[in-house]
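Trainee: Could you take me through a single part of this model in detail, and then relate that part to what surrounds it?

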Amino acid sequence: MKIRYILPVLLAAAAPVLAESQLSARGNGLQYYSSSVRASGMGLAALAAPDSLSLDLFSPANWGGRQAARFGFGSFVSQTTSSDAVGSDASDDGGVSGVGFAVHLKKGWYAGATLSPYTLLGYKWRSTDSLDWGTANIRRQGDGGISQALVGFSAPVGKGIRLGLAARPVFGKVERLWSVNFTETTANSASETISERYSGLGWSLSGSWSDGVGGAGIVIKTPLEAKIERQMVVGAGGSAQVDTTAKLDRKLELPFELTAGVSRRMGAHLYAGEVEWSGWGSVDNAAAGADQMDDAIRLSLGWEWSPDYQPLDPFWRNLVYRAGFWTASNYALSASDNQSRRTALTMGLGVPYAADRSRIDLAFEVGMAGDKADDGVAERYISFSVGFNHSELWFVGRKERNK
Amino acid sequence: MLAGLTALAAGCSQPDGPVGSNVGGGPEGRIRSVVCEALADTSYKVPRVGTGGSAHLYVGSSHDLTSYAIARFHRPKKTYEMTVDSARFSLAWQGGVGAGTFPTVEGNLAIFPWSESSPPADGDVPAGTPLNLRVDAPGDSGFLSFAVPTTEITSWLAWFDSSAIDTNWQDTVRIDSALTLALRAPGAVDKLIRFRARSATADSLRPYLIIYATVKDSAADIPHDSTFRVPAAMDMFLMNDAGAVPAERVVVGGGGGIRSAVKFDLTPLWAAQDTHIVVVNRAVLTLHRDRALYDWVQWSRSVWPYRMTTNDWLTTPDSADFGGFTLSPTAVDSASDTLQIVVTSPAAEWAKGDSLNFGLSLHSTSEGLDLERIAYFGRRAADPAQRPRLTIYYTELPK
């Protein structure tokens, strides 16, 4: 694979990811948890179960294995059905869920970079309001999210133990619109669009251990403060009444996060569990008029089966099968101050290619989020992810290749 | 694969129903309204404005109003030979203002330059040659005829050089060729006769100069009778109002024009701006008619609002400087005698700071066109509900 193939993919990953969830309207959107399409297929529980054919976008400590170079890419499409007191509505979404590469330097040292969503925000709906002089057509819409990158390295520090350190640039844009127009043709419409761009830098520390049977992993994300550049445009009757752009004194605070997992391999079967804690309850974004926030916890359980493939075996024995379950509380409270929850069942499949040095991964997820009584809306969603991890020797010198 | 995913993402549909609207998040606007009371109001007469294009020509006097009318006719192209046998002006009239009977209307013929866009002053209309009047059908409506001496018409046509001017059958170039009929009803007749003007819908009702002549179209032609119907090319009425403008009222009217100015206290709007961004969606000025005044004339169905550009009118009303007129829909509620005028445009400018609140200048839509006037209660009306008020509907957005 050549660099000219990689760049367009990196650019595509930098583009805003499409997402649509009414619950994402709170805070800065729903937190995104998947470190790879492989992880998506096994209930997001892949931290303690590194795989040499899958690039972990969240944990540099998992950048290891026999391959000299690795490139990973993931994408997804999903359909969400929202139901509330008014009725139900469905939306289709999709986008790039992550991209990254890691390069073997020497003696087990790896360097790499990844880019993935951190939060996803997307909502859109219209409503009408009766006035004594006409009807108001109200529109609310929000798009964007926060992306995170990791630029770092990992190294072996002991038998089966690797540590990783990465800078964690965080950036993104969230744009929200509220507008109204009227059936009365002489009335002026009004709208307000608030766009906030974020940029900040934090750190990610990661570690992994494996003895071939058992495994453990941990990722720590340091809290960070992101600068905010805010643009506000107020429209009045088709022209701008206010158009201001300013760098705000306040910062967007992102919390300390800790993810830990364990795994155990039993023959061809791999079992993994994972827990993630995000300290949103300790950050102060109130100055932004932000919604109430609370600490969020995610629990994941996953399973992966890699049949013992032998020459002349049927094709299905060459595949990797996955399943999992995860549940997470939303850091941004609902309008009723309730902490909504997302729960999902997942399935996945890995299809190796290129002499087993690379793999295409597929994942299917079905889940639910929110509660109509507690959160004002209940959502059901299905999601299909596809990605690939490609390993090559193109960063390695000839001598090393021929070892 | 990437291209396929990109195409798929681009084609995604998004929900557009109200589902989720109670979930919240993001900026949230609220539609509110405030009622602003009048701070000041006044009514004042305006200098005469051109009345060209009016549907009617008023002649006579009533209710402190005196008016006379003039109509201008362009010379027709003369044939090879023409002998004027007779000529007359024909005018239709219908109703009028005042309790008096149909007055004696005098017609005078004069040649002098004028135009509707620059109406002549009273003293500029010459007395001219008196004409003989004939009333065809006295009553609520009918026709008037003024016989014109054939010598006057023959003289008028004599120096028309058709080949040097244009191919039109009328001479519209030389303004000194215009023959003007002036209509007057001298004395206090308590009747303003309403003649139909050149903009009358029916052709037969318009003012005409009718020339009966014996003509030859060429040297070889046999003399024969011909009738030339020359329509009025311009007409207007010149009205003077000697009455006083009613005090403590908001009056608008045409004819001898009356305008009003009113300024509202926008404090409630400024209070809303202290805490929010305010976008004016709609503003409605409500006036209540005082039926005790001007019951002798139809009331103006529509009022045009202009935006005052200075405060000068507070001290010298007739020097009011205004602009920014926007054609505004109005709503008349005859049962409650209220008039509602949409004034969104000036109110939005005040809220945005694009212009200062110097008030509104209210003009009758018939100003310069017809005789209409109406009085509305002013800010000191005994019943507060009858006072002028400005209702502003606005959207309140977070700062």
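Mentor: The account below begins with one strand and its partners, and then turns to the chain around that strand and to a few further local features. The model is predicted, and for that reason local features need pLDDT of at least 70 and side-chain atom pairs count only at pLDDT 80 or more, whereas totals for chains, interfaces and linings use all residues. Residues are numbered from 1 along each chain as its sequence is written, and chains are lettered from A and ligands numbered from 1 in the order in which they are written.

The part in question is strand β15 of chain A, residues 320-329; helices (H or I, at least four residues) and strands (E, at least two) are DSSP runs, numbered from the N terminus. In a regular strand the side chains alternate between the two faces of the sheet. In β15(A), the side chains of A:Val320, A:Arg322, A:Gly324, A:Trp326 and A:Ala328 point to one face and are buried. A residue is buried if 20 or more other C-beta atoms lie within 10 Å of its own, exposed if 12 or fewer, and partly exposed in between, with C-beta atoms placed from the backbone. A:Tyr321, A:Ala323, A:Phe325, A:Thr327 and A:Ser329 point to the other face and are not buried.

Two strands pair with β15(A), pairing being assigned if DSSP finds at least two bridges between them. With β14(A), residues 296-305, the pairing is antiparallel over eight bridges, and A:Tyr321 is the bridge partner of A:Trp305. With β16(A), residues 341-353, ten bridges are found, again in the antiparallel sense; here A:Ser329 stands opposite A:Arg341. Both A:Tyr321 and A:Ser329 belong to the face that is not buried.

The chain that holds this strand has four helices and 18 strands, and 49% of its 403 residues count as buried. Among its contacts (C-beta atoms, placed from the backbone, within 7 Å) with a separation of 6 or more, 66% join residues 24 or more positions apart.

Elsewhere, some backbone angles merit attention. In the loop between β3 (88-104) and β4 (110-131) of chain A lies A:Lys107, a non-glycine residue with a positive phi near 55°. A:Lys107 is exposed, because 7 other C-beta atoms lie within 10 Å. In chain B, the loop between β2 (56-62) and β3 (65-73) contains B:Asp64, also not a glycine, with a positive phi of about 65°. B:Asp64 counts as exposed because it has 11 C-beta neighbours inside 10 Å.

Note on methods:
Two residues are in contact if their C-beta atoms, placed from the backbone, lie within 7 Å.
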